[in-house]
Amino acid sequence: MRKTCFLLALSLASFPVVASAAFGLASSSGVAYVDNTGGAITDFDEGALEDTENVPFLVFEGAEVATFDVDHDGSAGTFTEFSQLAPTTLDVDNYASYLLHFDPLGQPVDHVNATGFVEFNDQTRIVGVVLLPGADTGPESTTDSLGATDAIYGPGYTYYDTYTYRGLELGNSSSPDGFSIASDGRTFSFDLNAMGAGIDEVRLILQAVPEMSSIVTWSMIAGLGLVVTRARSKKRRETAEA
Ligand SMILES: [Ca+2]
Ligand SMILES: [Ca+2]
Ligand SMILES: [Ca+2]
């Protein structure tokens, strides 16, 4: 399994990811994309899913209708401290999940850095970021929002790391993590550091938005329908008058 994942990472890291369906990617850099909607990856514990080039995996987990809490609401900005986040509850809707999983090869004594970005397509917006537990002390280490969302998006047999700093260490003095969300609401950039047995995981929650071209097309079809209806009404009136 581990060798397979290495090969998968290497092969996928070399190509741009392009998908056009709802919840798909427009572009990305510095990630190895894997579609895990079939549950092929079954182990996310430290050491189980590492890339030889230390490229984080971007794992598409699928979409589910659910209501749950997220640590940040997806609003734009640059985030390097827990106090900057805006937690919210996502109300019942069909939300998709991508798990960003960074596990440095082996257990390095110095922190390993990974940077990159993910741009989702224009039918999609980031509406939630799940990144806790993410520190070794304080409420950030006891809030298990990643665990809570595993229950929604993780296949039943998947083992997820339960280490207390599975998520991001925002503001950590020796090995800090950070991320930003662009004003378009669909581009997520990351700057992660992990060392030893540490890993960094972030679950990105997406909501579909109507595509502008679809709105225009349907408006045109509705407009044509109106014209046809009026033409028929006119013809009926003329027939009746004749
Ligand atoms: Ca490791
Ligand atoms: Ca980290
Ligand atoms: Ca971490």
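Trainee: Which residue of S6 stands opposite Glu 64?
Mentor: Bear in mind that this is a predicted model, in which local features need pLDDT of at least 70, side-chain atom pairs count only at pLDDT 80 or more, and totals for chains, interfaces and linings use all residues. Residues are numbered from 1 along each chain as its sequence is written, while chains are lettered from A and ligands numbered from 1 in the order in which they are written. S6 spans residues 88-102. In that strand, the residue opposite Glu 64 is Tyr 95.

Trainee: How many helices and strands are in the chain?
Mentor: Both are DSSP runs numbered from the N terminus, with helices being H or I over at least four residues and strands being E over at least two. By that count, the chain has four helices and 12 strands.

Trainee: Do S4 and S6 run parallel or antiparallel?
Mentor: Strands of a sheet pair through backbone hydrogen bonds, in either sense. Here two strands pair if DSSP finds at least two bridges between them. S4 has four bridges to S2 (residues 32-35), and those two run parallel. With S6, S4 shares 12 bridges, and the direction is antiparallel.

Trainee: What is the strand order of the open sheet with mixed pairing?
Mentor: S2 pairs with S4, and S4 pairs with S6. The sheet has five strands, in the order S2-S4-S6-S12-S8.

Trainee: Which strands stand at the edges of this sheet, with a single partner strand each?
Mentor: An edge strand has one partner, so one side of it is left without a neighbour in the sheet. From one strand to the next, the twist averages 40 degrees; axes are lines fitted to C-alpha atoms (for helices over the stretch in contact), with angles from 0 to 180 degrees between N-to-C directions. The strands at the edges are S2 and S8.

Trainee: How many degrees does the twist average in the open sheet with the order S1-S7-S11-S10-S5?
Mentor: This sheet also has five strands, and its pairing is antiparallel. Its edge strands are S1 (25-29) and S5 (77-79), each pairing on one side only. The average twist from one strand to the next is 10 degrees.

Trainee: Which residue in S11 does Thr 115 stand opposite?
Mentor: S7 and S11 pair in the antiparallel sense over eight bridges. Opposite Thr 115, the residue in S11 is Asp 191.

Trainee: Which element gives the most to the largest nonpolar core?
Mentor: A nonpolar core is a set of buried Ala, Val, Leu, Ile, Met, Phe, Trp, Tyr and Cys residues joined through C-beta atoms within 7 Å. The largest one has 45 residues, and Leu 58 and Leu 100 are among those with the most contacts inside it. Elements giving two or more residues include S2, S4 and S12. With six residues, the one giving the most is S6.

Trainee: Where are the buried residues of H3, on the same side or on opposite sides?
Mentor: Buried means that 20 or more other C-beta atoms lie within 10 Å of a residue's own; exposed means 12 or fewer, partly exposed is in between, and C-beta atoms are placed from the backbone. In H3, Ser 145, Leu 146, Thr 149, Asp 150 and Tyr 153 are buried. The arc they cover, taken from the directions from the helix axis to the C-beta atoms, is only 145 degrees, which puts them on the same side.

Trainee: At about how many degrees does H3 run to S4?
Mentor: H3 (residues 145-153) lies across S4, S6, S8 and S12. S9 (159-160) is also among the elements covering the buried residues of H3. Relative to S4, H3 runs at about 95 degrees.

Trainee: What distance separates the C-alpha atoms of Glu 46 and Ala 197?
Mentor: Glu 46 lies in the loop between S3 and S4. Two residues are in contact if their C-beta atoms, placed from the backbone, lie within 7 Å, and Glu 46 touches Asp 103 and Ala 197, among others. Although Glu 46 and Ala 197 are 151 residues apart along the chain, their C-alpha atoms are separated by 6.6 Å.

Trainee: Why is Asn 54 called partly exposed, and how many other C-beta atoms are within 10 Å?
Mentor: Asn 54 is in the loop between S3 (43-44) and S4 (57-70). Its phi is near 60 degrees, a positive value in a residue other than glycine. Asn 54 is called partly exposed because the number of other C-beta atoms within 10 Å is 18.

Trainee: Which residue does a cis peptide bond join to Leu 132?
Mentor: The bond has an omega of about 10 degrees. Its partner is found in the loop between S8 (124-130) and H2 (139-142). The residue joined to Leu 132 is Pro 133.

Terms used: Lists of a residue's contacts leave out its neighbours within four places in sequence.
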